[in-house]
Amino acid sequence: MNSRCVSINKILPFSCVDGPGNRLAIFLQGCNLRCKNCHNPYTMGICDNCGDCILTCPQQALSLQNGIISWNSSSCEQCDTCIQHCPRQSSPMTLTYTVDELIAITRKYAAFINGVTVSGGESTLQLPFLINYFKAIKESADLKHLTCLIDSNGTLSINGWQKIAPYMDGAMIDLKSWSEESHLYLTGRGNQRIKESIKWLANNNLLTELRLLYIPEKTDYLENIDLLSKFINSLGESILIRINTFHNHGVYGEAKEWQPAQKNNIYLLKKELVKRKVSNIKLPEVYS
């Protein structure tokens, strides 16, 4: 994928849960974490055009053209049979867009939205495109009022953040667990770089939101509450801390057997954070 094209899994014209206000939410394909609790595991892998999914499609919405999987969205009934048969658990139901094509879509909804949020998968894996897209928004007289946010797992290097910083308004980052060991178990990777990203973004007034996903008996926030609170307090009082609840609807593998988070779990975590002078905490509106 070059810097002028991007692989997109889904576009939501109007979203009120992907950042402040009403937003155009764009979900890119591909992720470098393998979270056991992922609710969108089909966004992780990039299709390698092996063709194994073609014959499994009940609607014959998939074909191989010039060695590339082609998806007929008008015939597709979103049954996900192709994903279930994919050895990479990847979705062939993606579309490729150029910067100009995505700008045209953005312009279509610009009068009704506050900004754009690019998520995933992991959006920063397609950083060159992201830079070109955000830059095009900021340089367009009719679009430059839109805020450009990134929803990220935080694994991008500081050098990467520095490259896109001139064109973005902020990032929302997940800290999925405190300790390196726990994070490695949950996601397949450690979290040192993620913590570095969070600190750098906060120091440069670009951390829009820090998210904590509470998974009973899996995440270790309470066990490391003093260290976690000290870290959060070092980011500044204005940072929004959003606590999310784990639920096992739509997850795969061992996470299907994990206990969903309850309101008392979330309130206890908030109580312990507040006790250590962490403020500006946002709780879930819906619990499983």
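What volume does the second largest pocket have? In this predicted model, the second largest pocket comes to about 270 Å³.

**Stop 1: the second largest pocket.** Select Asn9, Lys10, Trp71, Gln78 and Met93; of the 14 lining residues, these are the closest to the pocket's centre. Now colour strand 1 (5-15) and strand 5 (95-98). Each supplies at least two residues of this lining. Strand 1 gives the most, with 4 residues. By type, the lining holds 8 nonpolar, 4 polar and 2 charged residues.

**Stop 2: the largest pocket.** Keep strand 1 selected, as it also supplies at least two residues of the lining here. Add strand 7 (147-152), strand 8 (170-174), strand 9 (207-214) and strand 10 (240-245), which each do likewise. Strand 9 gives the most, with 5 residues. The volume of the largest pocket is about 1500 Å³. Its lining counts 44 residues. To find the centre, show Asp18, Asp151, Asp174, Arg211 and Asn244, which lie nearest to it. The lining divides into 18 nonpolar, 15 polar and 11 charged residues.

**Stop 3: helix 5.** Select residues 180-187. Show the side chains of Ser182, His183, Leu186 and Thr187, the buried residues of this helix. Turn the view to look down the helix axis: these buried residues fall within an arc of 105 degrees, so they line one face of the helix. Next, add helix 6 (192-203), against which the buried residues of helix 5 pack. Finish on Gly188, which follows helix 5. The phi of Gly188 is positive, near 90 degrees.

Definitions and conventions: Residues numbered from 1 in each chain as written. Predicted model: local features only at pLDDT ≥ 70, side-chain atom pairs only at ≥ 80, totals over all residues. Heavy atoms only, no water. Buried < 20%, exposed > 50% of the residue type's maximum accessible area, 1.4 Å probe, protein only. Arc of directions from axis to C-beta. Contact = heavy atoms within 4.5 Å. 1 Å grid on protein atoms, 1.4 Å probe; cavity = no way out; pocket = protein on both sides within 12 Å on 5 of 7 lines; lining within 4 Å. Points joined across faces, edges and corners; volume = space filled by probe spheres on them. Nonpolar A, V, L, I, M, F, W, Y, C, P; charged D, E, K, R; others polar.
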